[in-house]
Amino acid sequence: MRYDDFQFLVCEPQADGVVLVTLNRPEAMNATNDRMHWELTKIWGILDEDPGVKVVVVTGAGDRAFSAGGDLSIVEAMSNSHDTTMRVMKEASDIVYNMLACNKPIVSAINGTAVGAGLAVALLADVSVMAEDARLTDGHARLGVSAGDHAAIIWPILCGMSKAKYYLMTADFVDGKEAERIGLVTFCAPRADVLPRSLAIAAKLAQGSQTAIRATKKSLNNWMRIAGPVFDNSLAQEMLCFLGPDVKEGLAALREKRAPKFPSAQLPAH
């Protein structure tokens, strides 16, 4: 693939080997549809192999969202199709492992809401800058499926097990200030400063020893690689949840903008 083959990822060269990658579905708050989800598996290898790229900055189009999760149509298709579920499972795994395999530093400019596959990209970046008033959540539990896209491999490392368990089991939102305080993101900043600061960090990394920076990233990423079996299990557990009744209720509740009444949360009749 070439950069112009991507439909929903816009790649713009900046100065000195920095590339800005923009998740580009602003009319849908940059939510991942089938095509974008697949594209997020491919972009990292292309950037890694491009000798003209030293650092990647990834952000969302517009001023509302980094990425507002996955289209509900994908969730519905997964709950009714084994083939779709298996395809999405492979792609979710590929996004994580292909980001870890990318030797170039990745900086995420989290300019707005971050959920789902977009949140995986935001938090798996090597450096993250988040708008103070932006919010993120791993919303899987709200949907009725276990947290599987990326959370088990990275949240405990970033913010510790106690915070990771709370936020992943409740699906509560975290704003930029709290995300920085607990270590979930590297920095928070006023919304207008998020992209400029991210590009400044990228420029600084581009001026450093590329050999040293890439070797350091590769070594530190082994902490995530050690957690690979944990991630693989979490992803499988997530897919199994798509076979149960809770996800159908979670999907209906989201569409109807109401609190879910999960079948598994109901006490048995006596």
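**Exercise 1. A bridge within a helix**

Start with Glu91 and Arg87, whose side chains meet in a salt bridge at 3.4 Å, N to O; work out how the two sit along the chain and how covered they are.

*Step 1.* Some ground rules: this is a predicted model, so local features need pLDDT of at least 70 and side-chain atom pairs count only at pLDDT 80 or more, while totals for chains, interfaces and linings use all residues. Residues are numbered from 1 along each chain as its sequence is written, and side-chain values use heavy atoms, with hydrogens and water left out.

*Step 2.* A salt bridge here is a side-chain nitrogen of Lys or Arg within 4 Å of a carboxyl oxygen of Asp or Glu. By that rule the count comes to 13 salt bridges.

*Step 3.* Look at the spacing: Glu91 and Arg87 are four residues apart in helix α3, so about one helical turn separates them. Helices are DSSP runs (H or I, at least four residues) and strands are too (E, at least two), numbered from the N terminus.

*Step 4.* Now the cover. Glu91 is buried at 7% relative accessible area, whereas Arg87 is partly exposed at 31%. (Buried is under 20%, exposed over 50%, partly exposed in between, with a 1.4 Å probe and protein chains only.)

*Step 5.* Widen the view, and Asp34 joins Arg87 and Glu91 in a network of salt bridges.

**Exercise 2. Arg258 and its partners**

Which residues form salt bridges with Arg258?

*Step 1.* Glu249 is one partner, with its side chain meeting that of Arg258 at 2.7 Å, N to O.

*Step 2.* Glu256 is another, and here the closest N and O atoms are 2.6 Å apart.

*Step 3.* Check the cover again: Arg258 counts as partly exposed at 33% relative accessibility, while Glu249 is buried at 16%.

**Exercise 3. Map the largest pocket**

Give the volume of the largest pocket, then describe its lining.

*Step 1.* Set the terms. On a 1 Å grid over the protein atoms alone, a pocket is an open set of points with protein on both sides within 12 Å along at least five of seven lines; a cavity is a set where a 1.4 Å probe fits but cannot get out, and lining residues have an atom within 4 Å of a point. Points are joined across faces, edges and corners, and a volume is the space filled by probe spheres set on them.

*Step 2.* The largest pocket holds about 890 Å³ of space. It is lined by 40 residues, and the closest to its centre are Ala68, Gly69, Gly70, Leu72 and Val115.

*Step 3.* Assign the lining to elements: those supplying at least two residues each include α1 (34–49), α3 (82–101), β6 (113–115) and α13 (246–256).

*Step 4.* Sort by class, and you get 18 nonpolar, 11 polar and 11 charged residues. (Nonpolar: Ala, Val, Leu, Ile, Met, Phe, Trp, Tyr, Cys and Pro; charged: Asp, Glu, Lys and Arg; polar: the others, Gly among them.)

**Exercise 4. The second largest pocket and a surface patch**

Which element gives the most to the lining of the second largest pocket?

*Step 1.* The second largest pocket has a volume of about 450 Å³. Its lining has 22 residues, with Ala125, Asp126, Val127, Leu220 and Asn221 nearest the centre.

*Step 2.* Helix α10 gives the most, with four residues. Other elements that each supply at least two include α6 (151–159) and α11 (222–226).

*Step 3.* By class the lining divides into 15 nonpolar, five polar and two charged residues.

*Step 4.* Leu220 turns up again in a nonpolar surface patch of about 480 Å², made together with Ile157, Trp223 and Ile226. Patch residues have over 30% relative accessible area and no salt bridge; like charges are joined within 9 Å, nonpolar side chains (Val, Leu, Ile, Met, Phe, Trp, Tyr) within 5 Å. Ile157 lies in helix α6 and is partly exposed at 44%.

**Exercise 5. The closed space**

How many cavities of 30 Å³ or more are there, and which residues line the largest?

*Step 1.* The count is one, and the volume of the largest cavity is about 30 Å³.

*Step 2.* Its lining is His37, Ala92, Ile95, Val96, Ala117, Ala120 and Asp149. Helix α3 has the largest share, three residues.

*Step 3.* Five of these lining residues are nonpolar, one is polar and one is charged.

**Exercise 6. Two positive phi values**

Compare the settings of Asp16 and Asn30: is each buried or partly exposed?

*Step 1.* Asp16 has phi near 60 degrees, positive in a residue other than glycine, and Asn30 has phi near 60 degrees too.

*Step 2.* Asp16 is in the loop between β1 (9–13) and β2 (18–23); Asn30 is in the loop between β2 and α1.

*Step 3.* Asp16 is partly exposed at 36%, whereas Asn30 is buried at 0%.

Technical notes:
Areas by Shrake-Rupley, 256 points an atom, 1.4 Å probe, with all protein chains shown as cover.
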